[in-house]
Structures are given as C-alpha cells and as structure tokens.
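Visitor: Hi, I'm new to this one and would like a slow walk through it. Could you put it up on the screen?

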Amino acid sequence: MRFEQKKDGSCFLKFDDEEIKILNKRKQLYFTPEALKHFGNALMKMVMEFNLNFDDKTKDICTDGLTKVLLDKEEDDKSRK
C-alpha cells in the first residue's frame with residue numbers, strides 16, 4: 001500500500017492487486033513484530049511528511065477519541081471513474 005498526498009494536503013491510500021487479494025481473502029492484516037516495527041517507522045515518516053503539505057489551519061487541527069473523521073464521498077467517487 002502506498003500513500004499519495006496531493007499538494008492541497010489530501011491523500012489517497014492505494015493498494016496493489018496482490019494487497020487487495022489478501023484483504024479480500026483474509027479480511028485483515030497480520031504483522032509480525034518485525035514487520036509491525038517497519039510499518040510503524042514508515043507510517044511515522046509519512047505522517048511527518050504529510051504535515052509539510054498542510055496549510056496552517058489544517059496543521060493546527062487536534063483529534064480526540066470523540067472526533068468523527070468524514071471522508072469526501074464526492075472526491076472518492078470522482079477518483080473511481
């Protein structure tokens with residue numbers, strides 16, 4: 001899987017055909033301890049890089065356990081055409 005961030009700060013999480021096959025078959029991802037460490041390291045790097053493209057307002061957004069994350073269905077639908 002790979003994250004593709006656009007210049008406006010939005011992002012697509014894209015999966016290749018093999019990853020989709022695994023997700024469809026298993027309905028979950030399993031990480032060995034070593035794989036989880038690598039995944040966590042890569043994720044932290046991506047999170048830091050994401051912030052470079054956010055505007056100041058977006059950079060200051062805080063999230064807590066009650067925050068609802070809404071996806072832009074219209075943008076998602078456009079990307080599938």
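**Strands and salt bridges**

Guide: Let us begin with one pairing: Gln5 has Cys11, in strand E2, as its bridge partner. Please keep in mind that this is a predicted model.

Visitor: OK, and how many bridges join E1 to E2?

Guide: Strand E1, residues 2–5, and strand E2, residues 11–14, run antiparallel and are joined by four bridges.

Visitor: Which residue in that hairpin takes a positive phi?

Guide: That is Gly9, whose phi is near 100°, in the hairpin of E1 and E2, where five residues lie between the strands.

Visitor: Switching topic, how many salt bridges does the structure hold?

Guide: There are three salt bridges in the structure. Glu4 forms one with Arg2, where the closest N and O atoms are 2.9 Å apart, and another with Lys14, where the corresponding distance is 3.2 Å. The pair of Glu4 in strand E1 and Lys14 in strand E2 links distant parts of the chain, 10 residues apart.

Visitor: And where do Lys45 and Glu49 lie?

Guide: Both are in helix H2, which covers residues 33–53, and they are four residues apart, about one turn of the helix. Their salt bridge has its closest N and O atoms 2.6 Å apart.

Visitor: Why does Lys45 count as exposed, and Glu49 as partly exposed?

Guide: Lys45 counts as exposed because its relative accessibility is 52%, and exposed means over 50%. Glu49, at 37%, counts as partly exposed.

Visitor: Which residues do salt bridges with shared partners join into one network?

Guide: Those are Arg2, Glu4 and Lys14, joined into one network by salt bridges that share partners.

Notes:
Residues are numbered from 1 along each chain as its sequence is written. This is a predicted model: local features need pLDDT of at least 70, side-chain atom pairs count only at pLDDT 80 or more; totals for chains, interfaces and linings use all residues. Side-chain values use heavy atoms; hydrogens and water are left out. Two strands pair if DSSP finds at least two bridges between them. Helices (H or I, at least four residues) and strands (E, at least two) are DSSP runs, numbered from the N terminus. A salt bridge is a side-chain nitrogen of Lys or Arg within 4 Å of a carboxyl oxygen of Asp or Glu. Buried means under 20% relative accessible area, exposed over 50%, partly exposed in between (1.4 Å probe, protein chains only).
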